[in-house]
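Opening the notebook on a new model today. I want to look up a few residues, some strand pairings and the empty spaces.

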Amino acid sequence: MKSPFVSAGKLSVLLFCLCDIAFAAETAGQNYFNVRSYGAAGDGKQLDSPAIDKAIAAAAEVGGGTVLVPAGTYLSGSIHLKSNIHLLIDAGATILGAPQKLNAYDETEPFPGIAYQDGGHCYFHNSLIWGENLTNVFITGHGMINGGGLERNPKILDEMCGYEHFPTPNTKTYPPVRIGNKSIALKLCRNVLIRDITIFHGGHFAILVTGCDNLTVDNVTLDTNRDGMDLDCCRNTTVSNCRVNSPIDDGICPKSTCALGEPRVTENLTIVNCQVSGFLEGTLLDGTMKPAKNGLGRIKFGTEASGGFRNCTVANCTFRSCRGLALEEVDGGILENITINNLAMTDVPDYAIYLTTGKRNRAPNVTTNSRMKNILISNVIADGVGKMSGIQIMGLPEQPIEGVRLENIRLISKGGGTAEDAAINPKELGAGYPEPGKIGTLPAYGIFARHVKGLELENITVNFITNDLRSAASFADILGLEIDNFKSQLAPGVKAAVFADNVGGLTIRNSPALEK
C-alpha cells in the first residue's frame, strides 16, 4: 500500500517547481505593461497615444518588455517606439489614427539636401507608429491598426523636401507640419519583427521600413488606400505569409532610395507565400473582394533604385485583379541575382511580367548606366492578361539587360490586338517613368524583348481569349537568343514571332511554329 504522504525528496522538488512558476509569473508581470494602467481609455474618444508612450517609456526604463494594448479602440497620434520593446496589439484591440485637426502627429523632421524621392520617403516622424535608430523592435498581435485620419497623398511634403523641384534644389523655407501619413515607419533599425497584425486604410504607406537590417514581416494583412509595404535600403529581410490589398498603389514594393542621404543597396530579400491584389479598399477584409478598375497592387522592385537590388527571391505568390511582377532599375544602380518562382496571376491588367532598365537617373552623381543581370523567372501561370502587353523585357541600347532565363511560363492574354498594333515600333523608355503604360501597346501579345544579351526561353506557352492579329513574340537587338519548346496560338496568316535583323546567336529547338 502506497503511503499517503509525500516523501521529503518529492516535496522538495514540488516546492522548487512551484517557486519557479511563481518567479516566472512575477517576472512576466514585471515585464508586461498594460497601457490601461498608464491612463489609456480605449474608448475611441480620448487621445490615448500619450498613455501608450508612458507604457513604452516605463518598459524601456527597466531594459525592455511587452507593452500590451488590450481589446478596445485607442485613438492615437504619434506613438514612439524604443529599443527592446514588444508592442502587442491584442485581439479586439484597434489603434485608430487621429483626425488631422487634433494635431496629434509629430512634426516633420528637417530634411537636408536634394530629395531624390517623394515626401513620403523623406519624413518619418509624422507617422502613427514610428522608431529610429532602434534595436529589437517587435510589433505583433491579432489586433488592428486603422489609419483613420492619415493622409494618403499630402502634396505639401513633396513641396517641402524639394521633390517637386527636382533636380533644382528648392530654396524656399517651410515650417514643419503635423500631417500624419504613415501607419508604421521605421528608420535605421535592427532586428525588427512585424507579425500577425492587420492594417486598414494605412495612409501613404501602411508599412515603411528604411535602412533596416534583419527584418521579418510575417502573417500580416494590409488592406489600404496607397502602398502596402515599402522595403527601402533594407538588408536581410523576409516577408512571408502576407496578404496585401492596395488598389491605388503598389502592394509589396522593395525600393532603394536616397532617403538616407546616399545610395544603399537592398539585398538578401526573400518574399514568400504572399498574396497581392487590387480589390476596392476594405473588400479584402470584408470578404467581398470587389475588383477595382485597373487595380495596381502587385510586387514591384523600384521605381526608386539608386542603390539597386541584389540577391532577392520571390516565391509562391499570387496576384489577383492587379498588375503583374515588375523589376525596374532606372536610377543608375544594379539589379542582379534575382530568382522568381511559382507565381499564379489572375486578371492582371497591362502586363504579367515587366523587366526594364532606364536612365531617369534620379540619384546623386550618376556615372554608370542602370544595369540588370542574372534573372531567373520560372513556373508562372498568368491568365486574363491585359491586351497592352504580356511579358516585356526592355534594356538600354547602350547597356543591354544580361542573362535572363524564363522557363515554364503559361500566359493567356485577353487578346484583341489589331493589324495596326502589330506594326507598332515601341519607343525607348529613356529618361521616362518606368511603367508599361508609358510605352503603350506592344506589337506582340505574348513576349516582347529588346536590348538583351543572353535570353533563354524554355517551355513557354502563350494563348489569347479574343482573336489577336499580333505575333506571339517579337525580338529586337538580342545577342544570344535560345528558344526551346515555344508554343503559341495564332490568328490565320500571323507569324509566331518577329525577329529583327539585329538578333544574333539564335537557337530554336522543339518549336515548330518558329522553325517554319
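My entries follow, grouped by topic.

**Entry 1: ground rules.** I keep in mind that this is a predicted model.

**Entry 2: strand β3.** I started with β3, which spans residues 65-69. How many of its residues are buried? I get five of its five, so I'm noting the strand as mostly covered. Next I looked up its partners. Strand β1 (residues 32-34) pairs with β3 in the parallel sense, over three bridges. Within that pairing, F33 has V67 in β3 as its bridge partner. Strand β6 (residues 85-89) also pairs with β3 in the parallel sense, here over five bridges. There I find G65 standing opposite I85 of β6.

**Entry 3: strands around β18.** Then I moved along the chain to β18, residues 235-240. Strand β15 (residues 213-218) pairs with β18 in the parallel sense, and I count five bridges. One of the partners I wrote down is S240 in β18, which bridges to D218. β18 also pairs with strand β21 (residues 266-272), in the parallel sense over five bridges. For that pairing I noted T238, whose bridge partner in β21 is T270.

**Entry 4: A98.** I looked for A98 and found it in the loop between β7 (93-97) and α3 (119-122). Is A98 buried or exposed? Its relative accessible area is 0%, and buried means under 20%, so A98 counts as buried. Leaving out residues up to four places away in sequence, I list its contacts as L47, L75, S76, G77, A104, Y105 and G149. I also checked A98 against F205, 107 residues apart along the chain, and got 16 Å between their C-alpha atoms.

**Entry 5: E304.** Another loop residue, E304, lies between β23 and β24 (308-320). I expected to have to argue about this one, being a charged side chain, but the number settles it: with a relative accessible area of 6% and a buried cut-off of under 20%, E304 is therefore buried. Its side chain makes a polar contact of 3.4 Å with the side chain of T303. Setting aside neighbours within four places in sequence, E304 touches Y116, Q117, D118, H121, K255, S256, T257, F309, D331 and R360.

**Entry 6: the largest pocket.** On to the spaces. The largest pocket holds about 390 Å³. Which residues lie nearest its centre? I have D118, R226, D249, K255 and Y433, out of 28 lining residues. Two of those names, D118 and K255, are also on my contact list for E304. By class I get 15 charged, seven nonpolar and six polar residues in the lining. As for which elements contribute, α3, α4 (155-161), β20 (250-255) and β23 (297-301) each give at least two residues. The largest share, three residues, comes from α4.

**Entry 7: the largest cavity.** Last, I looked for closed spaces. How many cavities reach 30 Å³ or more? The count comes to one. The largest cavity has a volume of about 30 Å³. Its lining is made up of T356, T357, M394, G395, L396, E428, L429, G430 and R450. Sorted by class, I have four polar, three nonpolar and two charged residues there.

Note on methods:
Residues are numbered from 1 along each chain as its sequence is written. This is a predicted model: local features need pLDDT of at least 70, side-chain atom pairs count only at pLDDT 80 or more; totals for chains, interfaces and linings use all residues. Side-chain values use heavy atoms; hydrogens and water are left out. Helices (H or I, at least four residues) and strands (E, at least two) are DSSP runs, numbered from the N terminus. Buried means under 20% relative accessible area, exposed over 50%, partly exposed in between (1.4 Å probe, protein chains only). Contact means heavy atoms within 4.5 Å. On a 1 Å grid over the protein atoms alone, a cavity is a set of points where a 1.4 Å probe fits but cannot get out, and a pocket is an open set with protein on both sides within 12 Å along at least five of seven lines; lining residues have an atom within 4 Å of a point. Grid points are joined across faces, edges and corners, and a volume is the space filled by probe spheres set on the points. Two strands pair if DSSP finds at least two bridges between them. A polar contact is a pair of N or O atoms within 3.5 Å; within protein, one must be able to donate a hydrogen and the other to accept it, and residues adjacent in sequence count only if both atoms are side-chain atoms.
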